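Colleague: I'd like a close look at one part of this thing, and I'm happy to let you wander outward from there. Could you pull it up first?

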There are 2 protein chains.
Amino acid sequence: MITWNNLDKLTSYQELAKTNKVKLAEVMSGENGAKRVKNYSIPMAAGLAYNYAAKQVDEEVLAALGKLAEEAQLTEKFEALYNGEVINTGEKRLVLHHMTRGQLGDAVEADGVDKRAFYVEQQEKIADFANKVHAGEITNAAGEKFTTVVQIGIGGSDLGPRAMYLALENWAKKNNTFKMEAKFISNVDPDDAAAVLNSIDVAHSIFVLVSKSGTTLETLTNESFVKDALKNAGLDASKHMIAVTSETSPLAKSDDYLAAFFMDDYIGGRFSSTSAVGGAVLSLAFGPEVFAQFLEGAAEEDKLAMNKDIRQNPEMLDALIGVYERNVLGYPSTAVLPYSQALSRFPAHLQQLDMESNGKSVNRFGEPIDYVTGPVIFGEPGTNGQHSFYQLLHQGTDIVPLQFVGFKNSQIGTDVVIQDSTSQQKLCANVAAQIVAFACGKEDENRNKNFEGGRPSSIIVGDQLTPQALGALLAHFENKIMFQGFVWNVNSFDQEGVQLGKVLAKRVLAHETDGALKVFSDLLNI
Amino acid sequence: MITWNNLDKLTSYQELAKTNKVKLAEVMSGENGAKRVKNYSIPMAAGLAYNYAAKQVDEEVLAALGKLAEEAQLTEKFEALYNGEVINTGEKRLVLHHMTRGQLGDAVEADGVDKRAFYVEQQEKIADFANKVHAGEITNAAGEKFTTVVQIGIGGSDLGPRAMYLALENWAKKNNTFKMEAKFISNVDPDDAAAVLNSIDVAHSIFVLVSKSGTTLETLTNESFVKDALKNAGLDASKHMIAVTSETSPLAKSDDYLAAFFMDDYIGGRFSSTSAVGGAVLSLAFGPEVFAQFLEGAAEEDKLAMNKDIRQNPEMLDALIGVYERNVLGYPSTAVLPYSQALSRFPAHLQQLDMESNGKSVNRFGEPIDYVTGPVIFGEPGTNGQHSFYQLLHQGTDIVPLQFVGFKNSQIGTDVVIQDSTSQQKLCANVAAQIVAFACGKEDENRNKNFEGGRPSSIIVGDQLTPQALGALLAHFENKIMFQGFVWNVNSFDQEGVQLGKVLAKRVLAHETDGALKVFSDLLNI
């Protein structure tokens, strides 16, 4: 029997708050530090590992976190989710994104169909379509091959797929699975669509229109933008566009599209990278096999998230440490720092995933809560960030917990030896050095050069950023955020906070405003 | 006589803390709200305006901020800075970035030369070089024109110039001043350089190596990477590279470069966009006239920053409101939200500018301080952010102050009318709506759909993102951050917090590690 309690009602949370604070600089120094790095590590899928040696935890804190996991029934709640209970209570919906890459529990039937079979069917349809495009069986009206795919979507239909595309672009080129260049149009700013259209050959481009509801203002506006461009080039838009939408949307059965692939209301936009939303563009760009490998990595990681033992469940432990940092230690933000240029937009995706899921002030029953929830998430790739905002991370007045990601090998493999080391070794040396610098600091008589240390971080380490590793990485964070939502007792799967702005924007466009809104509208010449 | 006091020693700060808190939802509603939007606005350069109607201030708070500005001697400190005093006390250096775009006060002589004349000379040398490249007078060895410019630099040699390039790329194309495509190599991750090199025609590319000291590890490594690529293509690297560095650096008089342009120790990397660091790449990309217009906008804004009256000094007021939000209201982060896709990397530049300048825990004398300083800065363009992290901004448990930027007109001008409005109107309607939604909120019986409001924002509004407007925008934030550093009594112009990581990384590469660092190094296969 699952009970949904607020965090501050849990006995184990009160106990957690009373544990002794770990002095990170102390425990991470000397042989004890070396032991921690060896022991505080959990294997992940695709050869990754989650290492939390440099987090402010010890056996006492970990034991308390274990009790919290138990009392908050994290495993049982995850089980309820993947077995098809209505976990998205606000919108009264199932939450089935895990099922786009595997089936963890019972068969789930909804809308009269087996959902796993439905997602597999969509994936197969996409694979078939992509193969035909690559083989030149589906072409433009002149019978010529498509060379570019352009995703039109915003939010979850943009950030995730774009981050995943950038993450695998060089890998695919290196491994001869690169099929088509992908571009993305998201912003309603007309310069976004205009610039992308100016940069491509529209006659050889296929556009993927992505909107679950089929009513997203930005996306429909940009669709018209693209259709105008195709028309102006003397082309038949319906021969250049496919749709990814829900079966009940106005786009689903329209003749305006070459094909339509389906997602449904059980996949939140920000959790849709492994559904048709990511599937269409990534399968077209890299081939369906690469997309399937990406799903495999995610599915393998999902299985680890089922483990009741937090010491063997990287997602659950990461989630619990995050709650401890936010609610007990009082740290208000978290930085995501991948030491991989290919992950340049991964932090932007996690920013949505995390902040839109858990940036809530009411619990899942709509009651106000008395503790803080989701932190601010931000980040840039290392080593770039080292030459930018790391100053504040090292010596600022607030402590910012850090999430590093690093890989032993580069994707392209072209490298250069300078001063006896390769660039890849320099990259790895930097992330190792940063973890220790943040944790241990370094005393200096000159206070301006003094580093207090005590700044916690974890790292996910892998061999190489492959499609499987990327899937595992994505699933890790999706599941982490889900577990944190369970602990905070919020509904991580709705986003009512985005509605008011939409309503007011419509009012501005209809010129139905007064007061401050009217004057701002005048200022902006609307 | 200037005295440098800690913020908490100032009487006016104690008084500020005692002012009544403004109830934003109340004061922004009805006719009072309309009046605030009209009155709480300061003209900026290039037709921009800084509107702070939706900030938590009123006449009482503004009066207290005015007193704080006076007691903290902000105008006098700025005067001391541009007149050439040693404001960067840690490194014992002048701070002269304003002089790259104008002269606000006395002539400043250093290193035996008039510094304004020195910066103008560098700008003229760059303009001459760029014109010759564009005219085909400086070419590759085969006598063919260069078509691409690639900046090699990291941190301030990358983020600012890159953000400015992206900000003006479409404007320049539209206004027929686009000369060459620019690319950027920054990360020591070998995949960064390899991917850029794979995407260009090296035979027709000119590389700008940017390192003040001439010793930046990442930049020198990437230079070798590029030289290898040029050599492998059978090209003479010295015919494809220019250097931007200080006159005393090892790069300054090397035969390895077609030309060298100079900056000096009085320009911090993050403040170097208006020096040769931004000048070379932007003049090559868009022509020296466009770069000159960018400098004009910055120079004009700098003059406004000299005003003693905070109601006529957008930079100083913005700075003071930020301090009030951080130290009195206790908000730990700030989001920068440009409603302009062209400003997609402007927040990343501001993230460095702000966090590296003011993320400090000691005052300018190296003494510990007892109050918080620089906040975490993050942001993405709107409307994209609305479909991402705005959920937390609207309904999360922490309040995040917001900095909007919006323009009445797009850069390219291609647009489409859907439901009676253009995309540009939709973009503007959204930013207007967001300001009011954040400030006023909206009650709903369903607490999940309730918006408490009271979330402060300001907006900088302009006609169009032109080179002048971009210069003004950049100078606004540079000066805001400088004033905040004065208020917090920190040295905003050094960055000792980045040193420890560098030292430890070198140790890792030399295999001189033990304890945790050794095990992390092994994990990462170094």
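Colleague: Let's start with a pair of rings in chain B: why are B:Phe78 and B:Tyr82 separated by about one helical turn?

Modeller: Bear in mind that we're looking at a predicted model. As for your pair, B:Phe78 and B:Tyr82 both belong to helix H5 (residues 74-82) of chain B and are four residues apart there, so about one helical turn lies between them. Their rings pair up edge-to-face, with 4.8 Å centre to centre and 90 degrees between the planes. Both residues are buried.

For contrast, take B:Phe178 and B:Phe286, whose rings form a tilted pair at 6.2 Å centre to centre and 45 degrees between the planes. B:Phe178 is in the loop between helix H7 (159-174) and strand S6 (181-185) of chain B, while B:Phe286 is in helix H10 (residues 276-286) of chain B, so this pair ties together parts that are 108 residues apart in sequence. With a relative accessibility of 26%, B:Phe178 counts as partly exposed. B:Phe286 comes out at 1%, so it counts as buried. B:Phe178 also has a charged residue over its face: B:Lys173, at 4.9 Å from the ring centre.

Over all chains the count of aromatic pairs is 38. In chain A, ring pairs link A:Tyr339, A:Phe378, A:Phe389, A:Tyr390, A:Phe404 and A:Phe438 into a cluster.

Another ring with a charge over it is that of A:Trp4: the charged end of A:Arg364 sits 3.7 Å from its centre. Those two residues also turn up together around A:Asn489, which touches A:Trp4, A:Asn5, A:Asn6, A:Asn363, A:Arg364, A:Phe365 and A:Tyr371, leaving out residues up to four places away in sequence. You'll find A:Asn489 in the loop between helix H16 (467-488) and helix H17 (499-509) of chain A, and at 0% relative accessible area it is buried. Its side chain makes a polar contact of 2.9 Å with the side chain of A:Asn6. A polar atom of that A:Asn489 side chain also lies 3.4 Å from the backbone oxygen of A:Asn5.

Back in chain B, the loop between helix H16 (467-488) and helix H17 (499-509) holds B:Asp494. This aspartate counts as buried too, at 1% relative accessibility. Setting aside neighbours within four places in sequence, B:Asp494 is in contact with B:Asn88, B:Gly90, B:Glu91, B:Arg270, B:Glu356 and B:Lys360, and with A:Asn448 from the other chain.

Helix H8 (residues 190-199) of chain B gives another view across the chains. Seven of its ten residues are buried, namely B:Pro190, B:Asp191, B:Asp192, B:Ala193, B:Ala194, B:Val196 and B:Leu197. What covers them includes helix H7 (159-174) and helix H15 (423-440) of chain A, along with strand S5 (148-152), S6, strand S7 (205-210) and helix H9 (217-232) of chain B. The N-terminal end of H8(B) is capped by B:Asp189, which puts a side-chain oxygen 2.9 Å from the backbone nitrogen of B:Asp191.

That brings us to how the two chains fit together. Chain B superposes on chain A after a rotation of 180 degrees with 0.0 Å of shift along the axis, at an RMSD of 0.0 Å. That is the relation of a two-fold axis. The residue of chain B that comes closest to the rotation axis is B:Phe378, with its C-alpha at 3.2 Å. The same surface serves both copies, as 100% of the contact residues of chain B recur in chain A. In all, 132 residues of chain B are in contact with 132 residues of chain A. The two chains bury about 10900 Å² between them, 65% of it on carbon and sulfur atoms. Of the area that chain B buries against chain A, B:His387, B:Phe520 and B:Leu524 supply 7%, more than any other three residues.

One last stop, inside chain B: B:Thr245 sits in strand S8 (residues 241-246) and is buried, at 0% relative accessible area. Its side chain joins that of B:Ser249 in a polar contact of 2.6 Å. Apart from neighbours within four places in sequence, B:Thr245 is in contact with B:Ser211, B:Lys212, B:Gly214, B:Leu251, B:Ala252, B:Phe261, B:Phe262 and B:Met263. By comparison, B:Tyr324 is 79 residues from B:Thr245 along the chain, and 38 Å separates their C-alpha atoms.

Key. Residues numbered from 1 in each chain as written. Chains lettered and ligands numbered in written order. Predicted model: local features only at pLDDT ≥ 70, side-chain atom pairs only at ≥ 80, totals over all residues. Heavy atoms only, no water. Phe/Tyr/Trp six-rings, centres within 6.5 Å; stacked < 30°, edge-to-face > 60°. Helix = DSSP H or I, 4+ residues; strand = E, 2+ residues; numbered from the N terminus. Buried < 20%, exposed > 50% of the residue type's maximum accessible area, 1.4 Å probe, protein only. Lys NZ or Arg CZ within 6 Å of the ring centre and 35° of its normal. Contact = heavy atoms within 4.5 Å. Polar contact = N/O pair within 3.5 Å; in protein donor to acceptor, adjacent residues only side chain to side chain. Least-squares fit on C-alpha atoms with pLDDT ≥ 70 in both. Buried area = accessible area lost by both parts, 1.4 Å probe.
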